[in-house]
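These are my notebook entries on one structure. I record what I looked up, entry by entry.

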Amino acid sequence: MIIKNDFFNKDRDYLMKEKEGLIKSVEKLDKRFKNNEIDREKFLEQNEIFAKRHEEINKKIEKLDRK
């Protein structure tokens, strides 16, 4: 009897959903900046935080793909 282990796929799906949410957040931030709802400094600061999170998520996904 062969049992399929999809444990890593569940983690990957979770990370992909988190990545999609992060992309939506960046789009909302961009829209707010274009409508002058936030200032440039806050936009750049928040954008840097999103970039770091995006990089971390990509590293986790890559690590799961290696297994």
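**Entry 1. Salt bridges within one helix**

I began with Glu48 and Lys52, whose side chains meet in a salt bridge with an N to O distance of 3.7 Å. The model I am reading is a predicted one. Both Glu48 and Lys52 lie in helix H2, 4 residues apart, which is about one turn of the helix. I recalled the general rule that an α-helix has 3.6 residues a turn, so residues three or four places apart point the same way. I then looked up how open the two partners are. Glu48 has a relative accessible area of 48% and is partly exposed, while Lys52 has 51% and is exposed. The cut-off explains the two labels: exposed means over 50%.

I next looked up Glu55, which forms a salt bridge with Lys59, the closest N and O atoms being 3.7 Å apart. Glu55 and Lys59 are both in helix H2 and 4 residues apart, about one turn of the helix. Glu55 is partly exposed at 47%, and Lys59 counts as exposed at 54%.

**Entry 2. A salt bridge between helices**

How many salt bridges does a search of the whole structure find? The search gives 5. One of them joins Arg53 and Glu18, with the closest N and O atoms 2.8 Å apart. Arg53 lies in helix H2 (residues 40-66) and Glu18 in helix H1, so this pair ties together parts that are 35 residues apart in sequence. Both partners are in the middle class of accessibility: Arg53 is partly exposed at 36%, and Glu18 is partly exposed at 26%.

**Entry 3. The chain as a whole**

I then turned to the overall counts. The protein chain has 2 helices and 0 strands. Of the contacts with a separation of 6 or more, 68% are between residues 24 or more positions apart. The chain has 67 residues, and buried residues make up 13% of them. The chain exposes about 6100 Å², of which carbon and sulfur atoms supply 50%.

I also checked the length of H2. At 1.5 Å a residue, its 27 residues should span 39 Å, and the end C-alpha atoms are 39 Å apart, which agrees.

**Entry 4. The nonpolar core**

Which residues make up the largest nonpolar core? I found 9 residues: Leu15, Leu22, Leu29, Ile38, Phe43, Phe50, Ile57, Ile61 and Leu64. H1 and H2 each supply at least two residues of this core, and H2 gives the most, with 5 residues. I listed the buried residues of H2 separately, and they are Phe43, Phe50, Ile57, Ile61 and Leu64. As a general point, nonpolar side chains in soluble globular proteins tend to be buried together.

I took Leu29 as one core residue to follow further. Leu29 lies in helix H1. Is Leu29 buried or exposed? Leu29 counts as buried, because its relative accessibility is 7% and buried means under 20%. Not counting residues up to four places away in sequence, Leu29 touches Ile38, Phe43, Gln46, Asn47 and Phe50. For one of these, Gln46, I noted the C-alpha to C-alpha distance: Leu29 and Gln46 are 8.3 Å apart in space and 17 residues apart in sequence.

**Entry 5. Around Ile38 and Phe33**

I looked up Ile38 next. Leaving out residues up to four places away in sequence, Ile38 touches Leu29, Arg32, Phe33 and Phe43.

This led me to Phe33, which lies in helix H1 (residues 7-34). Phe33 counts as partly exposed, at 24% relative accessibility. Beyond its neighbours within four places in sequence, Phe33 is in contact with Ile38, Asp39, Arg40 and Phe43. The C-alpha atoms of Phe33 and Leu44 are separated by 9.9 Å, with their positions 11 residues apart along the chain.

**Entry 6. Asp65**

My last look-up was Asp65, a residue of helix H2. Asp65 counts as partly exposed, at 46% relative accessibility. I compared its position with that of Arg12: the two are 53 residues apart along the chain, and their C-alpha atoms are separated by 8.3 Å.

Technical notes: Residues numbered from 1 in each chain as written. Predicted model: local features only at pLDDT ≥ 70, side-chain atom pairs only at ≥ 80, totals over all residues. Heavy atoms only, no water. Buried < 20%, exposed > 50% of the residue type's maximum accessible area, 1.4 Å probe, protein only. Contact = heavy atoms within 4.5 Å. Areas by Shrake-Rupley, 256 points an atom, 1.4 Å probe, with all protein chains shown as cover. Salt bridge = Lys/Arg side-chain N within 4 Å of Asp/Glu carboxyl O. Core = buried A, V, L, I, M, F, W, Y, C linked by side-chain atoms within 4.5 Å. Expected span 1.5 Å × (residues − 1).
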